[in-house]
Amino acid sequence: MSDESLIGKKAPLCQGKLQGGDGRDFELSDVVGKEPLILFFFPKAGSYGCNREACAMQKMSELSEFKQIGAKVIGISPDEPKENAKMMESQGLEFPILSDQKMEANDAFKVGRAMLGLTSGRVTFIINKEGIIVDRYDSLMNFKKHVEFAKKWIPKL
């Protein structure tokens, strides 16, 4: 379960760099506080629920109202970059999927574990252009609700 105490506060910036599916290093500080951000953590690249969630996030990112506010989508998983790259290619994802194998971003955002500690959590954060976390949604099993949750925030960002 993620920690609601982050809502209303600056988004944490993990100390380490995260590696993108393209093999390049990525720092959250390059985007947090510069544009609205939908940041979603998911447990397993290539799994049914994670693929469906990521594809729905891709469709959302293509909406004109999403583009008008200059928002970005970023996914984070504990998988190796090559697994994330496979997922990005097979699902036609145009936004970055970052590898957090050391769980630094997971820890910074207090995502935690799910299913009695057997898997990483599935949590979506809404971060405004000032870098403040305005809301979060936490549900491992209901992957469809994450995009519905994010969509409702588009007009408010």
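Is Asp-79 buried or exposed? Asp-79 is buried, because its relative accessible area is 8%, which falls under the 20% limit for that class. This is a predicted model, and the points below walk through it, starting with the whole chain and ending with single residues.

1. **The elements.** Welcome to the fold! The chain has five helices and nine strands. Reading from the N terminus, the order is β-β-β-α-α-β-α-β-α-β-β-β-β-α. That order may help you find your way as you turn the structure around.

2. **Overall dimensions.** A compact globule of 157 residues would have a radius of gyration near 15 Å, and the chain, at 14 Å, agrees with that. Along the principal axes, the C-alpha atoms fill a box of roughly 35 × 30 × 30 Å.

3. **Inside and outside.** Of the 157 residues, 51% count as buried. The accessible surface of the chain is about 7,800 Å², and carbon and sulfur atoms make up 50% of that surface. Among contacts with a separation of 6 or more, 64% join residues that are 24 or more positions apart.

4. **Charges.** There are 23 positive and 22 negative side chains in the chain. The centres of these two sets lie 3 Å apart. The structure holds seven salt bridges, and the next three points each take up one of them.

5. **Asp-79 and Lys-44.** Here we return to the residue of the opening question. The side chains of Asp-79 and Lys-44 form a salt bridge, with 3.2 Å from N to O. This pair links distant parts of the chain, 35 residues apart: Asp-79 sits in the loop between strand E4 (72–77) and helix H3 (81–91), while Lys-44 sits in the loop between strand E3 (37–41) and helix H1 (48–61). The partners also differ in exposure: Asp-79 is buried at 8%, whereas Lys-44 is partly exposed, with a relative accessible area of 40%.

6. **Glu-83 and Lys-86.** A salt bridge also joins the side chains of Glu-83 and Lys-86, at 3.4 Å from N to O. Because they are three residues apart in helix H3, about one helical turn separates them. Glu-83 is partly exposed, with a relative accessible area of 25%.

7. **Arg-24 and Asp-22.** The side chains of Arg-24 and Asp-22 meet in a salt bridge with an N to O distance of 2.9 Å. Arg-24 counts as exposed because its relative accessibility is 59%. Asp-22, at 48%, counts as partly exposed, since the exposed class requires over 50%.

8. **Leu-6.** Where is Leu-6 found? Leu-6 lies in the segment before strand E1 (18–20). Leu-6 is buried, with a relative accessible area of 9%. Leaving aside residues up to four places away in sequence, Leu-6 touches Ala-108, Phe-109, Lys-110, Phe-125 and Ile-133. The C-alpha atoms of Leu-6 and Asp-135 are separated by 8.6 Å, although these residues are 129 apart along the chain.

9. **Glu-35.** One last residue to look at is Glu-35, in the loop between strand E2 (25–26) and E3. Glu-35 is buried yet has no salt bridge. Which side chain of opposite charge is nearest to Glu-35? That side chain is Lys-72, 4.7 Å away, and a salt bridge needs nitrogen and oxygen within 4 Å. Lys-72 is nevertheless one of the residues that Glu-35 touches, along with Gly-70, Ile-127, Asn-128 and Lys-129, not counting residues up to four places away in sequence.

Note on methods: Residues numbered from 1 in each chain as written. Predicted model: local features only at pLDDT ≥ 70, side-chain atom pairs only at ≥ 80, totals over all residues. Heavy atoms only, no water. Helix = DSSP H or I, 4+ residues; strand = E, 2+ residues; numbered from the N terminus. Rg over C-alpha atoms; globule rule 2.2 N^0.38 Å. Buried < 20%, exposed > 50% of the residue type's maximum accessible area, 1.4 Å probe, protein only. Contact = heavy atoms within 4.5 Å. Areas by Shrake-Rupley, 256 points an atom, 1.4 Å probe, with all protein chains shown as cover. Lys, Arg positive; Asp, Glu negative; His and termini not counted. Charge placed at Lys NZ, Arg CZ, Asp CG, Glu CD.
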